[in-house]
Amino acid sequence: MGILEKISEIEKEIARTQKNKATEYHLGLLKAKLAKYRAQLLEPSKSASSKGEGFDVMKSGDARVALIGFPSVGKGRGRQVIAVARTADVVIMMLDATKGEVQRSLLEKELESVGIRLNKHKPNIYFKPKKGGGISFNSTVTLTQCSEKLVQLILHEYKIFNAEVLFREDCSPDEFIDVIVGNRVYMPCLYVYNKIDQISMEEVDCLARKPNSVVISCGMKLNLDYLLEMLWEYLALTCIYTKKRGQRPDFTDAIILRKGASVEHVCHRIHRSLASQFKYALVWGTSTKYSPQRVGLTHTMEHEDVIQIVKK
């Protein structure tokens, strides 16, 4: 039986197993096996690696956005293509507004299978394998989804018999498995529903009110500006303008940085040696109490600030 068939069998067994106290350990083991098989599915075959085949996209620019659509779902090679999204800063999931939630659930399942967790934070679980001493289990909160016995069974499935585990929040078995595997990626996702011109206003309103969602029509160019605004917000980027002494600010060529960037980050973006020659900077904008304000390297810049750097 191949890996795909094994995955299918386990998924079917999980679906038909009723969740209760008597089956929680069995379900936990099934989920652990499922995670292992899915990880194997993403590993390149020996024949492919010997020929030097692979799939990747060179990272460039200020940010990377993964545009995920329906055509890649369910295809063996498509799964490896989707896995490239692991290196993105934001996922945009393009959905057909006329298809309801069918496409969304299938795409979420596909991304889940390659270790991408959308709009979630990393589970607050401390996990450290040890060379001996057995399994030490503790929690700082009341656990309603995991027990010490279930944690031990999951660890044994991964051939881990010595480890230190500390739950700092009430996590599920799936989240604990994610911590064990350790290669999960947590990133923001923007659900974009296209073709809103083909559904009723009531349906558009319902979709627009969903969390992390934007409604658009590419054909009629509706709401595209708002999509760009939301994308900029999700990327958490800051636009900084530079100014030379005695001249007006250059608003044609901005420096793009992550939100929370300091004056030192601006210096490194302009030239790697500029920070060592830095004396002080004058900043105009919302990050200052008055404009201009004389600041040092640690000053935090804000969106659309203007900076003039003075060297030693």
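Colleague: Is the crossing of α6 and α7 left-handed or right-handed?

Modeller: In this predicted model, the crossing of α6 and α7 is right-handed. The contact is formed by L150, V151, I154 and L155 on the side of α6, and by P173, F176, I177 and I180 on the side of α7. Sorted by class, the contact of α6 with α7 comprises eight nonpolar residues, with no polar and no charged ones.

Colleague: At what angle do helix α6 and helix α7 pack?

Modeller: Helix α6, residues 148–157, and helix α7, residues 173–181, pack at about 40°, and their axes are 11 Å apart. The two helices α6 and α7 are therefore oblique to each other.

Colleague: How should one read a sheet, and what is the order of the strands in the open sheet of five?

Modeller: In general, strands of a sheet pair through backbone hydrogen bonds, and the pairing is either parallel or antiparallel. Here the open sheet has the order β11-β10-β14-β12-β13, and its pairing is mixed. Its edge strands, β11 (250–258) and β13 (293–295), each pair on one side only. From one strand to the next, the twist averages 40°.

Colleague: How many bridges join strand β10 to β11?

Modeller: Five bridges join β10, residues 237–242, to β11, and these strands run antiparallel. I240 stands opposite I255 in β11.

Colleague: Which strands do helix α9 and helix α10 touch?

Modeller: Helix α9 (residues 224–235) packs on the sheet and touches β10 and β11, its direction making about 90° with that of β10. Helix α10 (residues 263–270) also packs on the sheet, where it touches β10, β11, β12, β13 and β14. The direction of α10 makes about 115° with that of β11.

Definitions and conventions
Residues are numbered from 1 along each chain as its sequence is written. This is a predicted model: local features need pLDDT of at least 70, side-chain atom pairs count only at pLDDT 80 or more; totals for chains, interfaces and linings use all residues. Side-chain values use heavy atoms; hydrogens and water are left out. Axes are lines fitted to C-alpha atoms, for helices over the stretch in contact, and angles run from 0 to 180 degrees between N-to-C directions. Helices (H or I, at least four residues) and strands (E, at least two) are DSSP runs, numbered from the N terminus. Angles under 35 degrees count as roughly parallel, over 145 as roughly antiparallel, 65 to 115 as roughly perpendicular and the rest as oblique. A crossing is left-handed if the near helix is turned anticlockwise from the far one by less than a right angle, and right-handed if clockwise. Contact means heavy atoms within 4.5 Å. Ala, Val, Leu, Ile, Met, Phe, Trp, Tyr, Cys and Pro count as nonpolar, Asp, Glu, Lys and Arg as charged, and the others, Gly among them, as polar. Two strands pair if DSSP finds at least two bridges between them.
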